[in-house]
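I opened a structure file today and kept short notes on what I looked up. The entries below follow the order in which I worked.

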Amino acid sequence: MFCSTAALLTLVGSVCSLFETQREAVATLNYRKEDEHILLPLWHVVEEAFSTPGEGSDLVWRAQIVHQKDNSILVARVKTGKDHMQCILPESHGDIKVEKQLQVAVWTTAEEIEAFVASVMERPAPSRKASNLYWPPETGGHCDVVEGTITEKAFIDTYVLKSRPVVIKKAAVEWPSMSWSLESLTAHLGVHALHVKISPGGVFEGPESLSLWTNSTLPPYVLSRLESPDRVIARPATAMMTVSQLVDELSKVDPERAAFYLEYTNLAGLKKLAADVTIPSFARKLILEQKNIWLGGATKGKLHFDPFENLMTVIKGAKNFTLMHPHLNERLYEGHVREGFLRYENGVFHRDRLPDSTSMVMSPVHIDDPSELVRYPYFMAANRSRLHCPVAPGDVLYVPSFWWHEVDSAGPYTLATNMWFKPMLTKQFPCKTCKLYHNAVDYP
């Protein structure tokens with residue numbers, strides 16, 4: 001087993017350090033910004049387990065590639081056997097192009113690593129940085145609004161490639177899903193149990209003080225890398241419920257009690273409902289990842305981003321989006337934030353589940369609390385330039401990938417769907433200073 005410093009010095013002029021536990025080894029590699037085009041992976045999973053290759057192997061590896069300056073993490077999937085290391089690279093990675101879905105380089109000696117590094121370094125690094133991106137006015141405002149239809153070319157060129165939000169009014173009025181109601185969903189789904197989220201006061205996945213939580217177990221080396229180590233992203237409690245049970249809970253209007261929310265529930269297992277959610281003609285160049293249903297009362301989804309192009313449609317009720325651009329993420333304090341999972345038993349919330357994990361897509365900032373500007377002074381500029389984007393029944397809101405959004409849903413209930421698509425513009429995350437670039441793998 002090895003991690004060759006000599007070989008890696010050829011690429012990054014740095015070191016490769018190794019930390020071993022009983023069953024797992026983590027290789028951490030520092031890199032320079034100018035080498036990013038070689039190392040940048042095209043997936044965004046920081047903690048992913050891999051099957052041990054070959055018989056007799058006894059270690060599972062993962063690799064973290066860490067920027068020297070700001071400790072932002074790139075992820076390369078690496079696994080080893082007793083006498084070799086495999087580095088799994090993406091299908092098309094800028095200057096690295098392969099015919100198969102994955103290219104696997106197996107290195108058994110330091111010389112083989114050096115040869116592979118040299119072959120990559122000889123290839124020119126193409127510029128993939130996104131250009132001509134939309135910047136909201138410094139004083140903020142509202143999303144663009146398109147009345148009626150929009151062509152595919154106009155949507156892609158004006159909005160997707162420029163990372164510009166837009167509300168397309170009444171674009172979904174002819175979709176079969178617009179006929180959904182609480183009654184029809186109850187009749188269609190019957191006793192089918194759904195994964196419902198439960199949170200206090202209607203606030204979902206908001207930052208809380210660590211002092212409210214017990215049983216913190218994060219090791220010191222993780223704590224030292226956290227953004228706002230004294231805050232916790234409160235993940236909601238969960239329960240399996242039928243639609244009729246959820247509707248019964250939604251009828252109990254009390255802002256202080258537990259809020260029940262069917263949020264981003266994948267429609268893949270509900271084929272009839274999925275078929276009712278139509279990909280609009282203007283978005284057919286986008287590659288679908290997932291269709292979701294949302295059903296809840298008066299709720300607030302706290303500030304976060306999604307690594308997907310997002311089309312959100314309201315069927316009943318209303319949603320109000322507050323959007324902030326992803327071009328200066330130091331203003332939103334992007335980073336690893338500790339997360340905790342609420343428990344809800346006999347009408348009481350418990351805050352005692354703090355796993356060894358972090359959130360990578362949530363901001364620790366309460367955007368409507370003026371006192372936050374004392375602790376998070378850079379947020380002031382982001383706050384001034386926020387966009388307000390109301391979504392009424394039949395409207396389609398396009399939220400570009402990586403745009404920060406906080407979402408208020410109206411009571412007594414709001415029913416909505418959304419579609420996530422592979423990002424046409426993507427970035428590393430969490431990373432405060434990383435910029436959007438073109439996803440040449442999915443959209444060559």
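The notes go from the whole chain to a helix pair, then to two sheets and one loop residue.

**Entry 1: the whole chain**

I noted at the start that this is a predicted model. I looked up the secondary structure and found 10 helices and 31 strands. The chain has 444 residues, and 53% of them count as buried. I then checked the contacts with a separation of 6 or more: residues 24 or more positions apart account for 78% of them.

**Entry 2: helix α7**

Which residues of α7 are buried? I found V243, L246, E249 and L250 in this helix, which spans residues 243-250. Looking down the axis of α7, I saw these buried residues fall within an arc of 120°, so they line one face of the helix. Next I asked what they pack against. The list is one helix, α5 (182-189), and the strands β12 (194-200), β16 (237-241), β17 (258-266) and β18 (288-296).

**Entry 3: helix α5**

I turned to α5, where the buried residues are L182, L185 and L189. They cover an arc of only 65° around the axis, which puts them on the same side of α5. Are E183 and A187 buried or exposed? Both are exposed, and they sit on the other side of α5.

I also looked up what covers the buried residues of α5, and the cover includes β12, α7, α8 (271-276), β18 and β29 (414-421). Just after the helix I noted G190, which takes a positive phi of about 55°.

**Entry 4: α5 against α7**

Two packed helices are described by the angle between their axes and the distance between the axes. I looked up both values for this pair. The axes of α5 and α7 come within 9 Å and cross at roughly 150°. The cut-off for roughly antiparallel is over 145 degrees, and that makes α5 roughly antiparallel to α7.

Which residues make the contact? From α5 I listed L182, L185, T186 and L189, and from α7 I listed V243, S244 and V247. Sorted by class, the contact has five nonpolar residues, two polar ones and no charged ones. I noted that L182, L185 and L189 in this contact are also the buried residues of α5.

**Entry 5: strand β12 and its sheet**

β12 had come up under both helices, among the elements that pack against the buried residues of α7 and among those that cover the buried residues of α5. I found it mostly covered, with five of its seven residues buried.

Strands of a sheet pair through backbone hydrogen bonds, either parallel or antiparallel. I checked which way β12 pairs. With β16 it runs antiparallel, and five bridges join the two. For this pair I wrote down two bridge partners: K197 is matched with T238, and L194 with M241. With β17 the pairing is also in the antiparallel sense, over four bridges. There S199 of β12 stands opposite A259.

I then traced the sheet these strands belong to. It is an open sheet of nine strands in the order β10-β11-β27-β20-β29-β18-β17-β12-β16, and its pairing is mixed. Which strands are at the edges? They are β10 (144-147) and β16, each of which pairs on one side only. On average, neighbouring strands of this sheet are turned by 25° against each other, direction ignored.

**Entry 6: a four-strand sheet**

I looked up another open sheet, with four strands in the order β14-β15-β22-β25 and mixed pairing. β14 (207-209) and β25 stand at the edges with a single partner strand each, so one side of each is left without a neighbour in the sheet. Two bridges join β25 to β22 (residues 337-341), and these strands run antiparallel. In this pair, V337 has S359 as its bridge partner.

**Entry 7: L354**

My last item was L354, in the loop between β24 (348-350) and β25 (358-359). Why does L354 count as buried? Its relative accessibility is 6%, and the cut-off for buried is under 20%.

I listed what L354 touches, not counting residues up to four places away in sequence. The list is L210, W213, T214, N215, S216, T217, V232, R338, E339 and G340. One of these, S216, is 138 residues from L354 along the chain, and their C-alpha atoms are separated by 5.5 Å. I also noted that R338, E339 and G340 in that list fall in the range given for β22, residues 337-341.

Definitions and conventions
Residues numbered from 1 in each chain as written. Predicted model: local features only at pLDDT ≥ 70, side-chain atom pairs only at ≥ 80, totals over all residues. Heavy atoms only, no water. Buried < 20%, exposed > 50% of the residue type's maximum accessible area, 1.4 Å probe, protein only. Arc of directions from axis to C-beta. Contact = heavy atoms within 4.5 Å. Axes fitted to C-alpha atoms, helices over the stretch in contact; angles between N-to-C directions. Parallel < 35°, antiparallel > 145°, perpendicular 65-115°, else oblique. Nonpolar A, V, L, I, M, F, W, Y, C, P; charged D, E, K, R; others polar. Pairing = 2+ DSSP bridges.
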